[in-house]
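User: Please take one part of this model and look at it closely. I would like to know how it is built and what it packs against.

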Number of protein chains: 2
Amino acid sequence: MSSRKSFIQKTFLGIAGTVAVPLLSRSNSFQPNKKENENNGTNPSDLPVGFAGYTFAKFDLDTSITMMKKVDVHYLSVKDIHLPLNSSQETIDAAMVKFKAAGINVYAVGVIYMKTKEAADQAFAYAKKVGMNMIVGAPSYDVLDYAEKKVKEYNIKLAIHNHGPEDALYPGPKDVYDRIKNRDARIGLCIDIGHATRAGVKVEDAVKEYKDRLFDLHIKDVTLAEKDGKAIEVGRGVINFPALVSSLKKIGYKGISSIEFEKDMEDPMVGIAESVGYYKGVVAAER
Amino acid sequence: MSSRKSFIQKTFLGIAGTVAVPLLSRSNSFQPNKKENENNGTNPSDLPVGFAGYTFAKFDLDTSITMMKKVDVHYLSVKDIHLPLNSSQETIDAAMVKFKAAGINVYAVGVIYMKTKEAADQAFAYAKKVGMNMIVGAPSYDVLDYAEKKVKEYNIKLAIHNHGPEDALYPGPKDVYDRIKNRDARIGLCIDIGHATRAGVKVEDAVKEYKDRLFDLHIKDVTLAEKDGKAIEVGRGVINFPALVSSLKKIGYKGISSIEFEKDMEDPMVGIAESVGYYKGVVAAER
């Protein structure tokens, strides 16, 4: 174990404590302990903040949970790094017990790339085992028809993720939307606002334009609205978060705003906290 | 050195680097490297965020600077913990060179308690040596006349700080205002919004009511609007930050909003970052 991980575990793991969980449940109905705070005038259930699991790519599942708790975030799109696609039901159940004990609502799996039918088979079987009703994924074009069949077969939504100018399949949200708009309504978009911005997209417009198929969001900031833009703490880059949040409130977005922090990935906790704080502050203030 | 400090120094000190500073300057005119970001529509010079030095009470000056840089904050009300009141001019100059090299604008000293005339003498002489035009202080009632003389003699402002229900002198901002409103216009308030909230004050109203004498702010959040309220990350407590920031924009507040984070003081970096992010997010979104 690196000294950094050791530090984080020593520093943060005390918070997690031990919670007895008598019953195993794979339901997705957990509601974190939120109360509408009448004093400060905001409703924390407006645009709840979550995490894309890739944020914690350098940390194990237990440490990731502790890091999420530290910043009071209760939603997670779990990444295969923390819960491998070939996990047994027992392994999955044990992980879900941990999440539930920590007050974390796992609401999706992904991002899962599906280059083949077999990969799509695995992804949907995995999502079912995890108990999810949504996969964030990136199916190759020639797998789209098959993935649509799987969506119908499993009644599991597929939110397709855009990955910026370098992505041969889905650079921006329009590249997703044009390929799915006439497909089953359970196929939609996970707009990665950082990659979309690098692809030249104004994300405050994109969420409105594709609102009928907007299922999920990866929230981050980038230094430039072009290919070479780098990850940076939310609020320090070029994305207009007040405009984005205003658009999300206007369209009545019901999904999670999942922070995906990709700077300082070996030591991300401070940048994660600033990013979570900034986004929550914008959500609180923007009406 | 504790292992925590050692960790923070090892982790963060690389950021500070070494900056050659050929000339010593004690002017207070440093402007951090801010540019109006046309892409994201916000002007970062609106309500600039700073720190009250007490936030870093458990860390030395060099570590404090590194922690400030980590969250991209460039204003500091320096506390005597980091620059003792009896410092020589040489010690003060050396500290100010460090701050300047790090892009940090020291805009005030304090909080300095002044129970005697001698303490007031020391405070104003110190502020002059540091090159400040403002002291954040808490003079005892019987020192107020003398402190006012010192304000005139030095042409240095005095922002009196409220310290909550336990404070025999200044529980809330009204306790300050009533005692200074007919004094020299260079005597005003540093409203500590956490302590004011614990004293039952609605801070979004207080900043309007005392706007003619509002010189400084200590920004924090508290769990309850009563004496037993505890420090918590900005945005998680009972203070209505959108309303506060709206009031500050309405009155055209020209001062600094200095975060004073008093939770987890042995290990505050993550909470500091969340607090800074939240406040900046509210400032960006609130119009």
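Analyst: **The barrel of chain A and its last-numbered helix in the contact**

In chain A, eight strands form a closed barrel in the order S1-S2-S3-S4-S5-S6-S7-S10, with parallel pairing (strands pair if DSSP finds at least two bridges between them). From one strand to its neighbour in this sheet the average turn is 30°, direction ignored (axes are lines fitted to C-alpha atoms, for helices over the stretch in contact, and angles run from 0 to 180 degrees between N-to-C directions). The model is predicted: local features need pLDDT of at least 70 and side-chain atom pairs pLDDT 80 or more, while totals for chains, interfaces and linings use all residues. Residues are numbered from 1 along each chain as its sequence is written, and chains are lettered from A and ligands numbered from 1 in the order written.

One pairing in the ring is that of S7 (214-219) with S10 (257-259) of chain A, which run in the parallel sense over three bridges (strands, E, of at least two residues and helices, H or I, of at least four are DSSP runs numbered from the N terminus). A:Ile219 faces A:Ile259 in S10(A). On this sheet packs helix H5 (144-154) of chain A, which touches S3 (105-114), S4 (134-139), S5 (157-161) and S6 (187-192) of chain A (contact is C-beta atoms, placed from the backbone, within 7 Å). The direction of H5(A) makes about 145° with that of S5(A).

H10(A) lies across S1 (49-52), S7 and S10 of chain A and runs at about 160° to S10(A). This helix also takes part in the meeting of the two chains: 36 residues of chain A are in contact with 36 residues of chain B. On the side of chain A that touches chain B, H1 (3-16), H9 (241-250) and H10 (269-285) each supply at least two residues. H10(A) gives the most, with 14 residues. That side of chain A holds 18 nonpolar, eleven polar and seven charged residues (Ala, Val, Leu, Ile, Met, Phe, Trp, Tyr, Cys and Pro are nonpolar, Asp, Glu, Lys and Arg charged, the others, Gly among them, polar).

The partner of H10(A) considered here is H10(B). Their axes come within 6 Å and cross at roughly 30°. H10(A) is therefore roughly parallel to H10(B) (angles under 35 degrees count as such). The residues of this helix contact divide into 18 nonpolar, six polar and four charged.

Behind H10(B) is the barrel of its own chain. In chain B, too, eight strands close a barrel, S1-S2-S3-S4-S5-S6-S7-S10, with parallel pairing, and the twist averages 30° from one strand to the next. There S1 (49-52) and S2 (75-78) pair in the parallel sense over two bridges, with B:Ala52 opposite B:Ser77. H6 (173-180) of chain B packs on this sheet against S5 (157-161) and S6 (187-192), at about 180° to the direction of S6(B). H10(B) (269-285) lies across S1, S7 (214-219) and S10 (257-259) of chain B, at about 160° to S10(B).

How are the two chains related? A turn of 180° with a shift of 0.0 Å along the axis lays chain A on chain B with an RMSD of 0.0 Å (least squares on C-alpha atoms of residues with pLDDT of at least 70 in both). That is the relation of a two-fold axis. Of the interface residues of chain A, 100% are also interface residues in chain B, so the copies meet through the same surface.

Definitions and conventions:
Parallel < 35°, antiparallel > 145°, perpendicular 65-115°, else oblique.
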